[in-house]
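The following exercises concern a predicted model. Please study the sequence and the structure before reading each solution.

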Amino acid sequence: MFKFFKRDPISKAKKHVEKAIEEFEEGYPDYACSEYEKAARLFKEADRPDFAVKYFREAAWAALDFDDHVKVAEMKLAAAGTLLTEARFDEAAVLYSEASDHLFKEKKIRQSMRANGLAVICYLGTRNFDTCVNITKKTDKRYKSIKAREGMMELAQLCVRVLCHGEEPTLKEIQKAISSAKPTEVESYLVNYVAESVKVAIQTEVELQWAGQKQYEVSAKTPIEFELKFSCPVPVSIVDYRYNLSNSLSFANDIALNAVNQTQESWLLVVNPVLSGDGKIGPFVLTLQGESVLVNKHSNAIEFRIGKAPSKLALDVSPQRVSADIGDEVVFDVMIQNTGDGPAGNITVRTELSDGLRISLGGTEKSIQFLGAGERMSFQVYIMAEDVGDQITTLKLIDTKTGEEVSKTVTVKVT
């Protein structure tokens, strides 16, 4: 008896591809679809995933030609499953999403929901969080009026709530969602990877707090400090981060949140309040990746009021010492300056004299309604000498808004 060797899968697959092309050219897309599918499965058997995906997709295109959307979805799901075995989650996500659309068109609601859930989980596996949020919104709108429930999609929605929105369900809720998803053998690695990430995420803490005493109101142009820290039950590295910062704030220095294979880390953040009004820093979103886990974790946010920038008054009087005879008039030059970052208002300048002196022109108090940041003002004080001895003149500058007081004392020697 002769032993005939079977033709290898790749050669057989090529024959099916040739047959498919012939059938398609002759106007039989249904037969072409069948031949492409056979070729794809043989390529998969021969461990040629790229060719398997290619011909599953060709089969889908052929099925679309005779308007069989269920068959199109079946072929795209087969291609997506092949990509999962190669951990090519981003490519698989596209095919799962397309298959979901085809199934929905044919009113295969539960299968459509399942494919949609797998698309979301694939995108989570590639850290494509914005796309996950958009697909979830599309999902909510598409299935809003449908009462059917599907385990894989419910798991995907829970994962999005945790990893994209920072929610913290209980471990019992997570376990229940994983059990109801019922992944196939091909899907189990991806689903378990994302599910374990969710479990670690609820045990991970990212916290933003004041570095020092908590403040409800701060002053503009005065730097303030915060501490951001994270702790995770397993070693992780920061692969990405985002944050919210109101327009009234800016970082004093460029921030760089780095951590490599660590379970905890903290950073000091120095922030400049630029404008008065409401200020808000956070939340910070850290994407943490470990050996077999991916965590996208949100911090809290801190809100506070920003008051106007503080003023700072300076006073100079000259000359510091002067001699005069009884009956002489002495003139002092007074200069007021605001060296702070904010305006000063309702300033009072008070002149206090010893018994041997009196004001010869004007009064003992002068009011200044406004003095902007960096501005200065000069005026003169006229004093009459009435008694011999070392007489004292003290000028006090009082900011009635802040209560700040600056004083200078000069001497008049009367002979």
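**Exercise 1.** Determine the handedness of the crossing of H8 and H10, and describe how the two helices pack.

*Solution.* The crossing of H8 and H10 is left-handed. Helix H8 covers residues 151–163 and helix H10 covers residues 185–203. Their axes lie 10 Å apart and form an angle of about 35 degrees. On the side of H8, the contact is made by Met 152, Leu 155, Leu 158, Cys 159, Val 162 and Leu 163. H10 contributes Glu 187, Val 191, Val 194, Ser 197, Val 198, Ala 201 and Ile 202. Sorted by character, the residues of this contact comprise 11 nonpolar, 1 polar and 1 charged.

**Exercise 2.** State whether Phe 104 is buried, partly exposed or exposed, and locate this residue in the model.

*Solution.* Phe 104 belongs to helix H5, residues 89–105. Its relative accessible area is 27%. Buried requires under 20% and exposed requires over 50%; therefore Phe 104 is partly exposed. Leaving out residues up to four places away in sequence, Phe 104 touches Ile 109, Ser 112, Arg 142, Tyr 143 and Ile 146. Met 152 lies 48 residues from Phe 104 along the chain, and their C-alpha atoms are separated by 16 Å.

**Exercise 3.** Identify the residues with the most contacts inside the largest nonpolar core.

*Solution.* The largest nonpolar core has 92 residues. Those with the most contacts inside this core are Leu 124, Phe 226, Phe 230, Ile 281 and Phe 304. Beyond its neighbours within four places in sequence, Phe 226 contacts residues including Trp 210, Trp 267, Ile 281 and Phe 304. A second, separate core has 25 residues, among them Ile 336, Val 381, Ala 385 and Leu 397.

Notes:
Residues are numbered from 1 along each chain as its sequence is written. This is a predicted model: local features need pLDDT of at least 70, side-chain atom pairs count only at pLDDT 80 or more; totals for chains, interfaces and linings use all residues. Side-chain values use heavy atoms; hydrogens and water are left out. A nonpolar core is a set of buried Ala, Val, Leu, Ile, Met, Phe, Trp, Tyr and Cys residues joined through side-chain atoms within 4.5 Å. Buried means under 20% relative accessible area, exposed over 50%, partly exposed in between (1.4 Å probe, protein chains only). Contact means heavy atoms within 4.5 Å. Helices (H or I, at least four residues) and strands (E, at least two) are DSSP runs, numbered from the N terminus. Axes are lines fitted to C-alpha atoms, for helices over the stretch in contact, and angles run from 0 to 180 degrees between N-to-C directions. A crossing is left-handed if the near helix is turned anticlockwise from the far one by less than a right angle, and right-handed if clockwise. Ala, Val, Leu, Ile, Met, Phe, Trp, Tyr, Cys and Pro count as nonpolar, Asp, Glu, Lys and Arg as charged, and the others, Gly among them, as polar.
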